[in-house]
Amino acid sequence: MRFAEHDHRPDRAGSRVAIVGRPNVGKSTLFNRLVGRRRAIVDDTPGVTRDVREAPAQLGDLAFTLLDTAGWETAGGEALEARMRGFTERAVDAADVVLFLIDARAGILPLDEAFASWLRKRAAKVILVANKCEGRAGQQGLAEAHGLGLGEPIPVSAEHGEGLSDLHEALAKHIAPMSEEGAEEEAPDEAEAEGLGDAERAGRPLLLAIVGRPNVGKSTLLNRLVGEERVLTGPEAGITRDAIRVEWQWKGRPVRLVDTAGMRRRSRIEARLEAASVADTLDTIRLADVAVVVLDAANMAEKQDLAVAGWVIEEGRALVIAVNKTDLLADDRSAAAKAWRRLRDRLEASFAQVKDVPIVGLSALNGRGVERLMPAVFGTYEVWNRRVPTPRLNRWLREMETLHPPPLAHGRRIRLRFMTQIKTRPPTFVLSVSQPAELGDDYLRFLVNRLRDDFGLPGVPIRLTMRKPKNPYVGRAKKR
């Protein structure tokens, strides 16, 4: 695992700062505070964070990459907590600066002392931060923190934003301030990128969300793509809780991979924490360019698989289906053929408005077939961004009107006046019609299907809306 690999770092934030500590001391709250938006799920339940989450952060004139880590625990062996601790320790080793967070209200606990003993070997880059110091409740814990042997503790309140000037002063000893050029406007985030033009969007990485039911192999697939263990995996269902972003390049093209929490049926979501994880996944789908819906080959095309794919289509995102664990089907070709046929039939029946969705069979565990995934992703991404010239579109519209005339309404033929594409991502068209209310859904479906076939728009949502042209004579006074 190589957290310090340069191709994972944002250009503006070369220094890496890791926030560490035992569970439930406020690491994710401080992470969100320094990043400037809610990127990590925060809950009173200990152990919410499990993976190492990173994002560009800024504190005054200091810019850096900030890492939120799992709570450090003393479990050993192959337990989930031990694997989480391994990720945290490797993040510490790769970081330029470590913020060791304690809960001043709770005071110094044995787990804090055990972690501090491990960190003292790296004391040159460790800053001791006492969180939850608002008011006087943290005074006792702040005094106890001096005994950890990691220098003067910095009192802060991550929730209320107090003490950040002192934290800035401590970080400035390790991180050089930004130059005037570095302080310029940074690259747009996902939400801001929606309104950008093609030229502005060219420098932004493709946002690829990996979504699906719990335990279908989403995290294993991400690790296989990047060629290293970047996110936590294991046999336990529901390991991933936050949406974890990983910067990557595929054949020189920048990609931001996002691993997401597994999505169960809404009727089964009971805990507040799971609801927050699902909401985070839905936000990720909404902001993605392409969503890879991962299915389990042993039980593909379940109702929940179709529901997840439906959310992707509803949000207008480009969709690729990845059927994982296909090595389990290798022994029974007849059963495999039947399963693939059932999947295609269910997709066609459920999503008639999005035909020919790319389907890639693979095994994330052994890597078989994974090389076919990214060509399918970039292929559907290019279709999703395709624009049809207006003159060509209207010549096509005249042909459609001749080939399949619109229906009659009140004894008169409905006229298709004009058509234009108003946006891409997904391809969106406006049709000017003499009587929009009378045209009917069947005729609109005919036009959408022919648009898809004639202009090469397979596998992506197509949006077609109607409007009635304005009467140029309305409101004019009659000449006498």
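Here are some short exercises on this predicted model, each with a worked solution.

**Exercise 1. Find out which parts of the chain the salt bridge between E54 and R16 ties together, and whether its two residues are buried or exposed.**

Step 1: Start with the contact itself. The side chains of E54 and R16 form a salt bridge, with N and O 3.1 Å apart. That fits the rule, because a salt bridge needs a Lys or Arg side-chain nitrogen within 4 Å of a carboxyl oxygen of Asp or Glu.

Step 2: Now place the two residues. E54 sits in strand β2 (residues 53-59) and R16 in strand β1 (residues 16-20), so the bridge ties together parts that are 38 residues apart in sequence.

Step 3: Check the surroundings. Buried means under 20% relative accessible area. E54 has 9%, so E54 is buried. R16 comes out at 0%, so R16 is buried too.

**Exercise 2. Work out where the partners R213 and D305 lie along the chain.**

Step 1: These two side chains meet in a salt bridge, N to O at 2.8 Å.

Step 2: Look up their places. R213 is in the loop between β7 (206-212) and α8 (218-226), while D305 belongs to helix α10 (residues 303-314). They are 92 residues apart, and the pair links distant parts of the chain.

Step 3: Both R213 and D305 are buried.

**Exercise 3. Explain how R398 and E401 are placed in their helix, and sort each by accessibility.**

Step 1: R398 and E401 form a salt bridge, and their closest N and O atoms are 3.0 Å apart.

Step 2: Both belong to helix α13 (residues 390-403); they are three residues apart, so about one helical turn separates them.

Step 3: R398 has a relative accessible area of 33%, which makes R398 partly exposed. E401 has 16% and is buried.

Step 4: Salt bridges can also share partners: R204, D289 and R425 are joined into one network that way. The count for the whole model is 15 salt bridges.

**Exercise 4. Describe helix α15: its span, its buried residues and what they pack against.**

Step 1: Helix α15 (residues 441-454) has 14 residues. From first C-alpha to last, α15 reaches 20 Å, close to the 20 Å expected at 1.5 Å a residue.

Step 2: List the buried residues of α15: Y443, L444, F446, L447, V448, L451 and R452.

Step 3: Find their neighbours. The buried residues of α15 pack against α13, β15 (416-423), β16 (428-433), α14 (436-439) and β17 (463-467).

Step 4: Look just past the helix, where G456 takes a positive phi of about 65 degrees.

**Exercise 5. Put the strands of the six-stranded open sheet in order, and say which ones stand at the edges.**

Step 1: Walk across the sheet and you get β8-β9-β7-β10-β11-β12, with mixed pairing.

Step 2: Pick out the ends. β8 (244-250) and β12 (359-361) each have a single partner strand, so one side of each is left without a neighbour in the sheet. The twist averages 25 degrees from one strand to the next.

Step 3: Zoom in on one pair. β7 and β9 (residues 253-259) run parallel and are joined by five bridges. One of the residues to look at is L208, whose bridge partner in β9 is L257.

Step 4: Add the helices. α11 (residues 333-350) lies across β10 (290-296), β11 (318-324) and β12, at about 160 degrees to β12. α12 (residues 373-384) lies across β7, β8, β9, β10, β11 and β12, at about 165 degrees to β11.

How values were computed. Residues are numbered from 1 along each chain as its sequence is written. This is a predicted model: local features need pLDDT of at least 70, side-chain atom pairs count only at pLDDT 80 or more; totals for chains, interfaces and linings use all residues. Side-chain values use heavy atoms; hydrogens and water are left out. Helices (H or I, at least four residues) and strands (E, at least two) are DSSP runs, numbered from the N terminus. Buried means under 20% relative accessible area, exposed over 50%, partly exposed in between (1.4 Å probe, protein chains only). The expected span of a helix is 1.5 Å times one less than its number of residues. Contact means heavy atoms within 4.5 Å. Two strands pair if DSSP finds at least two bridges between them. Axes are lines fitted to C-alpha atoms, for helices over the stretch in contact, and angles run from 0 to 180 degrees between N-to-C directions.
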